[in-house]
Amino acid sequence: MQQFLTTALTGLTLGMVYAAFALALVLIWRSTRIVNFAQAPMAMITTYVALALIDAGFSYWIGFAAALLSGLVLGAVIERVVIRPVEGKAHINAVILTLGLFIVIHALAAVIFGSRYRSFPAPFGLQGFQAGDVTIALTGFGIFTIVSVLVVMLLLVALFRYTDLGLMMRASAFNQEVARLLGVKVSRMLTLGWALAALVGSLSGLLIAGGSLVHPSYMDSVVVYGFVAAVLGGLDSPAGAVVGGFLLGVSLSFVSGYVGSELVALASLVILMLVLLLRPGGLFSHAAERRV
Amino acid sequence: MKRWTRKTTLVTSVVTVGALVAACGAGGSREEDSGDGGASDVGITESSIKIGAHFPLTGVAAPGYSEIPTGMEAYFDYVNANGGVHGRKIELVVRDDGYNPTNTSQVTNELVLKDEIFAMVGGLGTPTHAAVVDFLNAEKVPDLFVSSGSIQWGDAPEEKPYTFGWQPDYEIEGKIIGQYIAENMPDAKVGLFLQDDDLGVDSEKGVRQYLDDQIVAVERYTSGNTDVAPQIAALKAKGADLVLAFNTPSYTALSQLISMKLNYKPKWFYSNIGSDPMLVGSLLSKFSEGAVEGASPLDGVLTTEYIAGVDSPDDPWVQLWQKAWDEHGGKGELTNYRVYGMAKAYTFVQALMAAGPDPTRDGIVEAVEQMGPVPGPELAPFRFSEDSHMGISGMQVVELKGGASDPLTPVLVTDTGDAPIEEDNSGAADDAPPASGIPEVEPAG
Amino acid sequence: MSVATRVPAPLAKALGRISSSTLLRHLLFALFGLVIVILVLESTDQFRNAQFASMAYLGIAAGGLTVLTGLNGQLSLGHGAFMAIGAYTTALFFQDSEPPLPVVGVLIVATVVTLIVGAAVGVAAARLHGPYIAGATLALAVAVPGIALFFSDTLGGEQGLNVLVPDIPDWFANVVFFITANEVSTSKYIGYIGWLCLLATFVLLANLSRSRVGRVWRAVRDDEVAAEIAGINLGRARVLAFVVSAACAGLAGAVMAMAVRITAPSGFSLTLSLTLLTAVVLGGLGSLLGALIGAALLTFLPQVVTGVGHDAGLSDLQAAELAPLVYGLTMVLVILLAPAGIVGSIRGAWRRRKESA
């Protein structure tokens, strides 16, 4: 019973992080139809920025804000400078481009910040709660993780549904030409999409890092799990990303706890293949399939 | 592929056939550089001797271990500043393998074939060095004083004649701590937290000799996978109130962290390789933003010791290391890992002296076997002989308090297998370095 | 000036046959390559021999990948996983000093095992497009090393399996001595094995590429709808391409196991799959020569770049990271500025020059 509870709670916290990352992937997919494989090292490098500030003596929250801000800027810059030329062209070019960025940002982080394993602080405590005989393996930081992801998701929903800006972004994603004709500055919307996505990605990077060891490769496996979560929920659906992240996190936690932590990646592959073969649009899909 | 004309085809065929014909029986005047062991002049000149090793300068095992080569270099610089050994300066080439056995294979290739080292001294890691030990022996490169406690470096000198251990092996560490627990805590429910390779296998073997019926749980982790929550949760679920952990320092920090999260508070024993209070303390205090300060989370933790550390500044050996570090060290303070490096470097200098004024690869191997007891920083004597290449023969059990270690037993010595555990009376714990700080060893044999 | 007037008639006829038959042409080219290989391997030291062996197995894997991605348009990020399968199969055979099969047999078995797994994966992948297949193969690359860890009793766990390369067979040493009067060291032996495999693989791939199969693959890549209308079975073509490239990766993994002398999960990280992709993109998608150039760059460039880094004052570790930075940047620049890669761009320039001349 105790192990079940612990595993479930670990899965919940982890699932929220995957949800955040999946959300970032979905935002970029919706705006530019590209899967940003470089999202992981982008999040990693913003976490290193936070770590540098924390090392220099600033508080955790300053580092936190700096990471989110640098994520915003990084996303915007990458979209304008690197991705713009391949938007709308063959898929394969964009994928290879993001993979190239993956390698570059990885190496840059190692050169600038070093490859050592560093510990990363976690506010709100790392002690679990005790309720009588049962240990609740939820730390203060874990609660913060869950809350912050939910808050961000709600903010994004509010943005897309209730603001003009959100409407313009959705229009640009839906049909660039028509949106342009209606006076929407499409290119700016695309940049904004990437910037917001990178911000969400940075959040997930910070949440994973808290109370754990940070090194240039620490986000690499998240890109796989985030992608699976996004596909699980449907690449077009932000709500799907969160649900997908949650489901994936809990399932993988159970695999890790009851079967073996080595098979977690294989489990995610199996889940991915099941979704792609049985319901390719994801759980929340509403786009028609393309059949020839 | 461009369209080939007949002309192109003709030219290509002629060149090919001609080359083949000309090559038949063509004498290569180059002497093939086969791995001939008698090549005594590899890596050694009149004025210098080049040695090398692989260390994890990056990766999950780097915290702590990456400092060891800095200690070795500092002591070698100290010796070089005083004239070197038989007039030769010692040059150490260090290559990073990231605690990744595939990389170890590649950097060892570089060290042996490209850098052409005379010997490997202190290659670090059980899974990593296991990848290259056969290669080193096949190429007849002396593989001295491996930085790992696996028994495979010393218990089969017929198979690995060029390889020697240095520190006490994990099996005797397991035996010594096992016996201590069996005598002092016979009711404890013991859990094991092991790295999933020979480090874990050897330690478990030693522990089970004394604690077999007290063990209630055995959990293993894979180095590189930092999620150890399932293992700690399982230890807690099976009711272990004393955990014997044989792991690298990062995993000491991680296991402490996860135990806090799960509210699990057993008595901990950490193997010597993972228990440096300064390092673990700094990792832990960072995690919790300073809420977990310094070395106090490790208070009450049991571990073992076989050389004096920086918490004994009055020890004559530690004073020598401090002097060498102040004069020749790089950035930072003297730490226990640097002390480890210096102690190993000291042993190597002794071996080099024992090999005489014209060392050869085979010669230095024989010299180590015949060296016999020599004064050194180790608390118990080496077991080097023709029949055994095992390292230091014993250690003491200590308890950590405020960052310093409080001895609970005298120096105990034993050997692998059924050998009994006895108090050491060789005096190895009470010796001191010569005034110059440089060993005085006669050429052996 | 016609060759025919200066060369006796039967030879001219033979030349004519060779230059117009794809297979014979490729075989001749391979023979020429073999001569170059012998010359290079014999005149360099052991360390370089080991590096050339590295280049060989990277080249084999890159060749398979360039055919899959360049000719058939399926982007696979998981070829590191196939290399792992080939490598582990080989390692399992080479646990004793007296292996049950000779080297050639082990290589064939490793290739076949990988081929079968590749078929299974290929069937699943054939239904996926664009980023989906990239993501799925990425997941594969991350998942396969975990399997080796799970079955740690047979597969050695994190420590991996040491590979005992069997002794060099006498007949081989004799042949080499006959041709070059040199002894064969283990590093050189592996170099020969790697390059012989590479030449054989490339002949096969080049033939496939210029045959009907190759044309079918290109058709599927360029326009699915038109291809299906023309009667091509999309799924079968895709699976075949996947199987061929997976088999190449398996063979490459087998050679790698012998060259590195250890197979451990850490050797098949995500980095390996991304490295293969880099090699293929730099050289030019779809070009075997490009795959070879990419493999050469990846084997030899890191040392050059690290040396430059050292001279510029970077620390050891920073200089070591400079190499991936350089080829990552190059990959980005290539896609943005010269998507056809080195070989493609040169060929394009050559063609434009010929047309305008």
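Visitor: What span is expected for helix H9 (residues 186–210) of chain C, and how far does this helix reach from its first C-alpha to its last?

Guide: In this predicted model, H9(C) has 25 residues and reaches 36 Å, which is close to the 36 Å expected at 1.5 Å a residue. The expected span is 1.5 Å times one less than the number of residues in the helix, and the span in the model is close to that value.

Visitor: What makes H9(C) count as mostly covered?

Guide: A residue is buried if 20 or more other C-beta atoms lie within 10 Å of its own, and 18 of the 25 residues of H9(C) are buried.

Visitor: How far does helix H8 (residues 186–209) of chain A reach, and what span is expected for it?

Guide: H8(A) has 24 residues and reaches 35 Å from its first C-alpha to its last, close to the expected 34 Å. This helix is also described as mostly covered, with 22 of its 24 residues buried. Gly211(A), which follows H8(A), has a positive phi, near 75°.

Visitor: Why is chain C called as compact as a globular protein of its length?

Guide: Chain C is built with 16 helices and two strands. Its radius of gyration is 21 Å, and the globule rule gives 21 Å for 357 residues; the two values are close, so chain C is as compact as a globular protein of that length. The C-alpha atoms fill a box of roughly 65 × 55 × 50 Å along the principal axes, and 55% of the residues of chain C count as buried. Of the contacts in chain C with a separation of 6 or more, 77% involve residues 24 or more positions apart.

Visitor: Why does chain A earn the description of being as compact as a globular protein of its length?

Guide: Chain A has 11 helices and four strands. The globule rule gives 19 Å for 292 residues and the radius of gyration of chain A is 19 Å, so chain A is as compact as a globular protein of that length. Its C-alpha trace spans about 65 × 50 × 35 Å along the principal axes, while buried residues make up 59% of the chain. Among the contacts in chain A between residues at least 6 apart in sequence, 72% join residues at least 24 apart.

Visitor: How many residues of chain C are in contact with chain A, and with how many residues there?

Guide: Two residues are in contact if their C-beta atoms lie within 7 Å, and by that test 40 residues of chain C are in contact with 41 residues of chain A. On the chain C side, helix H6 (130–150), helix H11 (224–229), helix H13 (270–283) and helix H15 (316–337) each supply at least two residues. The largest share, 15 residues, comes from H6(C). By residue type, the side of chain C that touches chain A divides into 30 nonpolar, six polar and four charged residues.

Visitor: Why is strand S1 (residues 48–55) of chain B called largely enclosed?

Guide: Seven of the eight residues of S1(B) are buried, so this strand is largely enclosed by the rest of the structure.

Visitor: How do you know which strands pair with S1(B), and in what sense?

Guide: Two strands pair if at least two bridges are found between them. S1(B) and strand S2 (residues 89–96) of chain B pair in the parallel sense over eight bridges, with Ile49(B) standing opposite Ile90(B) in S2(B). Two bridges join S1(B) to S3(B), and these strands run parallel; here Gly52(B) stands opposite Met120(B).

Visitor: What makes helix H7 (residues 170–184) of chain B largely enclosed?

Guide: 12 of the 15 residues of H7(B) are buried, so the helix is largely enclosed by the rest of the structure. The buried residues include Tyr170(B), Ile176(B) and Tyr180(B). H7(B) reaches 21 Å from its first C-alpha to its last, close to the 21 Å expected at 1.5 Å a residue.

Visitor: How do you know where in chain B the predictor's confidence is lowest and highest among the elements?

Guide: The confidence is given for each residue as pLDDT, from 0 to 100. Among the elements of chain B, helix H1 (residues 6–23) has the lowest mean pLDDT, 63, and strand S3 (residues 119–121) the highest, 96. Over residues 25–39 of chain B pLDDT stays under 50, and the model has 22 contacts beyond four places in sequence for that stretch. For chain B as a whole the mean pLDDT is 86, and 88% of its residues reach 70 or more.

Visitor: What are the mean pLDDT of chain C and the scores of the model?

Guide: Chain C has a mean pLDDT of 86, with 97% of its residues reaching 70 or more, and the model scores ipTM 0.84 and pTM 0.86.

Methods:
Residues numbered from 1 in each chain as written. Chains lettered and ligands numbered in written order. Predicted model: local features only at pLDDT ≥ 70, side-chain atom pairs only at ≥ 80, totals over all residues. Rg over C-alpha atoms; globule rule 2.2 N^0.38 Å. Nonpolar A, V, L, I, M, F, W, Y, C, P; charged D, E, K, R; others polar.
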